[in-house]
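Me: Please take one part of this model, the empty space that a probe can find, and examine it closely. I should like the account to be connected to the elements that surround that space.

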Amino acid sequence: MSYIDYTMAGLSEREAFSCTKTQTSEIYERLKAKREVLGAVLIATCNRTELYLSLAEGARVNPFEQLCEFIGVSYSDYAFMNKTLTGDEAFDHLCKVAAGAESQIWGDGQIAKQVDSALKAAQEAKATDAVLNVLFRIGVTAGKRVKTEVDFNVHDNSTAARAVAAVKAQSDIKDVLVIGNGMIGRLVAGILVRSGIHTTMTLRQYKHGLNIIPNGVDTVNYSDRYSAIEKSGAVISATLSPHYTVCYEQIRELNRVPGLFVDLAVPRDIDPEVEKIEGVTYFDIDQISCGSRDARQEKQMRQIEAIVGKYRDDFYKWYDFREKLRLKEEA
């Protein structure tokens, strides 16, 4: 597996690897056409993009080079912004990612679901094989086990919770517009409502029947978002759009501009130029998520590694049994 994440690349570099659903589908189709690739799973979150490959015996493929080729960027431009892991290191890394131990936010509460969703998307695309299916199932299980045994000492340590904390830090904000009805947007809206803050969420009209609206949240058509922005004290955007959902030029023309903009998307939803407007505070995903590992977290990492080691043993037990069956069938 190869990955690029927040420890190696800034937000502007990671944006190139954010991978829309269409891009992901195209990547899977191209990988499936390669005889040496037996299976693939792509994880693309705000913090990271990771490509896991199961390869035929003796095959040598650099997943990151493949990823660069498929999304149309030069590998040489990013050669020092990625890392490739194999075997035990790849397994351990996946488990730590699922546990939130490799996230900007220590113990990130959303990542296990994102890893599980990545596996399901790959399975739907018929891109995985038995090895990756079991690897990811065990990895997610290990991540959940870590969450139950390691005290991350937080009630909701997530990007959504941090975004809401930024809103609550400004006591004069009474109304918030959330742009985006995906998982992150719904989490943000739900926390805002439970915090007693009036919350409105955008809906794309043509998808209205598919939307799930958290209790207590008002809605507005996405096309009317600028009118809603004008009435809001803060805007939080979390979509999968490849284009800005909030543009500087339109915001500058409003009669009333919110004092806070929080962008939780990669690539960015909100034009960072909005920060130039007087009285505006702007946070991107890296600023919301920042924080370094302390001594307590280093101790917890040793606990996590001990738990991961047990699940690594489980994976190899399955793998060895599978190999014995294969050799028996060939004989």
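Reply: In this predicted model, the second largest pocket has a volume of about 910 Å³. A pocket is here an open set of points, on a 1 Å grid over the protein atoms alone, with protein on both sides within 12 Å along at least five of seven lines, whereas a cavity is a set where a 1.4 Å probe fits but cannot get out; lining residues have an atom within 4 Å of a point. Grid points are joined across faces, edges and corners, and the volume is the space filled by probe spheres set on them. Lining this pocket are 30 residues, and those nearest its centre are Leu53, Ser54, Leu55, Val131 and Tyr319. Two or more lining residues come from each of β3 (48–55), α4 (87–99), α6 (130–149) and α12 (295–330); helices (H or I, at least four residues) and strands (E, at least two) are DSSP runs, numbered from the N terminus. Helix α12 provides the largest share of this lining, 6 residues. By class, the lining comprises 18 nonpolar, 6 polar and 6 charged residues, where Ala, Val, Leu, Ile, Met, Phe, Trp, Tyr, Cys and Pro count as nonpolar, Asp, Glu, Lys and Arg as charged, and the others, Gly among them, as polar.

Residues are numbered from 1 along each chain as its sequence is written, and side-chain values use heavy atoms, with hydrogens and water left out. As the model is predicted, local features need pLDDT of at least 70 and side-chain atom pairs count only at pLDDT 80 or more, while totals for chains, interfaces and linings use all residues.

Strand β3, which contributes to the lining just described, belongs to an open sheet of 4 strands in the order β2-β3-β1-β4, with antiparallel pairing; two strands pair if DSSP finds at least two bridges between them. Its edge strands, β2 and β4 (83–84), each pair on one side only. Between β2 and β3 there are 7 bridges in the antiparallel sense, and Leu53 in β3 is the bridge partner of Ala40. Leu53 is also among the residues nearest the centre of the second largest pocket. Two helices lie across this sheet's strands, contact meaning heavy atoms within 4.5 Å. Helix α2 lies across β2 and β3, at about 165° to β2, and α3 (63–71) lies across β1 (2–5), β2, β3 and β4, at about 115° to β3. Axes are lines fitted to C-alpha atoms, for helices over the stretch in contact, and angles run from 0 to 180 degrees between N-to-C directions.

The largest pocket holds about 1,700 Å³ of space. It is lined by 45 residues, with Lys21, Gly182, Met183, Thr239 and Leu240 nearest its centre. Each of α2 (21–32), β2 (37–44), α5 (111–124), α8 and β6 gives at least two lining residues, and α5 gives the most, 7. The lining divides into 23 nonpolar, 15 polar and 7 charged residues.

Two of these elements, α8 and β6, lead to the other sheet. It is open, with 6 strands in the order β7-β6-β5-β8-β9-β10 and parallel pairing. Strands β7 (218–221) and β10 (281–283) have a single partner each, so one side of each is left without a neighbour in the sheet. On average, neighbouring strands are turned by 20° against each other, direction ignored. Strand β6 (198–203) is joined to β7 by 4 bridges, and Met201 stands opposite Thr219 in β7. Helix α8 (183–194) lies across β5 (175–179), β6 and β8 (234–237), at about 160° to β6.

Helix α5 includes Ala112, which is buried at a relative accessible area of 12% (buried is under 20%, exposed over 50%, partly exposed in between, with a 1.4 Å probe and protein chains only). Not counting residues up to four places away in sequence, Ala112 touches Ala98 and Val140.

There are also 2 cavities of 30 Å³ or more. The largest cavity, of about 130 Å³, is lined by 16 residues, with Cys46, Asn47, Asp108, Gln114 and Thr159 nearest its centre; α5 and α11 (285–289) each supply at least two of its lining residues. The second largest cavity has about 40 Å³ of space, and its lining includes Cys46 and Asn47.
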